[in-house]
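Biologist: I'm new to this one, so could you walk me through it and explain the labels as you go?

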Amino acid sequence: MANYKLLSKFKYGADGRTRLSNDAVENEYQKRLNGYSTVITNLYPRLVDKEKLELGLASGHSTSINPYPIFWVVTPQHLQKIDEVHRLSTSISAITSRNNMPQVAVESYLRSLLTNEIFFTNEIEGVHTNPEEISTIVWDVDSEKKSSNRRLESTIRQYTSALGAKQQQIKTLADFRNIYNQLLKDEISDKDLPDGTLFRDSFVFIGKGSGIDKTAVHLPPEKESEINVALTQLISFMNDD
């Protein structure tokens, strides 16, 4: 398991340069897919056809049903990380217990974690925010004071609601839209709302220009009917312990 490689690297052989045959790669894929420690999901992403993209044919994506489900192989490294998370969680719980730390310190610690979580999540999505501004809203979110940054305030209220054990379980497609409405209430105009019944009904992707990034692996569904299928699969996965 120490030498486990992604299939995208495996196909270039041990030296990283010699392209293996399609049959060799398919055989390795089937071994991993049917392995004892493999977890197979019911999620079938819309994949970019790299060969078409490299040849400049069409848009690089296939309109046929993707036969490749998302799966992962549980490795010893995964198990070690899971054990580490549990040990650290137990340690943090002990440190922040009422007997060892004042509640105000625990509250401060949680809010600093929340600030960092929102800031770095936004950075990953390419949304530039200010940590100080986030922190200010985090500390004011329980008051009647309204922030000038509606988007951040709505996001932070959702986080604090979840931290307070008031979690919203997603069981239907409408649940996604309800959360969307809560996050964007009074923030965008009616003309900018999704053009479908619940979601958008046209193609959208995150990126620059009109072309498809050659490093892309997944493309979002184009039509609302396709979005509904993908999200229905996701709901089933999310609610499977």
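Modeller: Sure, and let's begin with the naming: helices here are DSSP runs of H or I with at least four residues, strands are runs of E with at least two, and both are numbered from the N terminus. Counted that way, the protein chain has nine helices and two strands. Keep in mind that this is a predicted model.

Biologist: What pattern does the protein chain follow along the sequence?

Modeller: Going along the sequence, the pattern reads α-α-β-α-β-α-α-α-α-α-α. As for contacts, 55% of those with a separation of 6 or more are between residues 24 or more positions apart.

Biologist: Let's look at two helices. What makes α5 oblique to α6?

Modeller: Helix α5 covers residues 103-124 and helix α6 covers residues 131-140; their axes come within 9 Å and cross at roughly 135°. An angle over 145 would count as roughly antiparallel, and 65 to 115 as roughly perpendicular. The crossing angle of roughly 135° fits neither range, so α5 is oblique to α6. The crossing of α5 past α6 is right-handed.

Biologist: Which residues meet there?

Modeller: From α5 you have Ser-108, Arg-111, Leu-114, Thr-115, Ile-118 and Phe-119, and they meet Pro-131, Ile-134, Ser-135, Val-138 and Trp-139 of α6. Sorted by type, the residues of this contact are seven nonpolar, three polar and one charged.

Biologist: Arg-111 is in that list. Why is Arg-111 called buried?

Modeller: The cut-off for buried is under 20% relative accessible area. Arg-111 is at 12%, so it counts as buried. Over the whole protein chain of 241 residues, 21% count as buried.

Biologist: How do you know that Arg-111 and Glu-107 form a salt bridge?

Modeller: The test asks for a side-chain nitrogen of Lys or Arg within 4 Å of a carboxyl oxygen of Asp or Glu. For Arg-111 and Glu-107 the N to O distance is 2.7 Å, so the pair passes. Both residues sit in helix α5, four residues apart, so about one helical turn separates them. Glu-107 is partly exposed, with a relative accessible area of 30%.

Biologist: And why would such side chains pair up at all?

Modeller: Side chains of opposite charge can pair when their charged atoms come close.

Biologist: How many salt bridges are there in the whole structure?

Modeller: A search finds seven. Among them are two in helix α4, residues 76-95. Arg-87 pairs with Asp-83 at 3.2 Å between the closest N and O atoms, and these two are four residues apart, about one turn of the helix.

Biologist: What makes the pair of Glu-84 and Lys-81 a salt bridge?

Modeller: Their closest N and O atoms are 3.9 Å apart. The limit is 4 Å, so Glu-84 and Lys-81 qualify. They lie three residues apart in α4, again about one turn.

Biologist: Why is Lys-81 called exposed, but Glu-84 partly exposed?

Modeller: Exposed means over 50%. Lys-81 has 54%, so it is exposed. Glu-84 has 31%, which puts it in between the two cut-offs, so it is partly exposed. Asp-83, at 40%, is partly exposed too.

Biologist: One more. How do you know that Glu-28 is buried?

Modeller: Its relative accessible area is 17%, and the limit is under 20%, so Glu-28 is buried. Glu-28 is found in helix α2, residues 22-33. Leaving aside residues up to four places away in sequence, Glu-28 touches Leu-7 and Phe-10.

How values were computed:
Residues are numbered from 1 along each chain as its sequence is written. This is a predicted model: local features need pLDDT of at least 70, side-chain atom pairs count only at pLDDT 80 or more; totals for chains, interfaces and linings use all residues. Side-chain values use heavy atoms; hydrogens and water are left out. Axes are lines fitted to C-alpha atoms, for helices over the stretch in contact, and angles run from 0 to 180 degrees between N-to-C directions. Angles under 35 degrees count as roughly parallel, over 145 as roughly antiparallel, 65 to 115 as roughly perpendicular and the rest as oblique. A crossing is left-handed if the near helix is turned anticlockwise from the far one by less than a right angle, and right-handed if clockwise. Contact means heavy atoms within 4.5 Å. Ala, Val, Leu, Ile, Met, Phe, Trp, Tyr, Cys and Pro count as nonpolar, Asp, Glu, Lys and Arg as charged, and the others, Gly among them, as polar. Buried means under 20% relative accessible area, exposed over 50%, partly exposed in between (1.4 Å probe, protein chains only).
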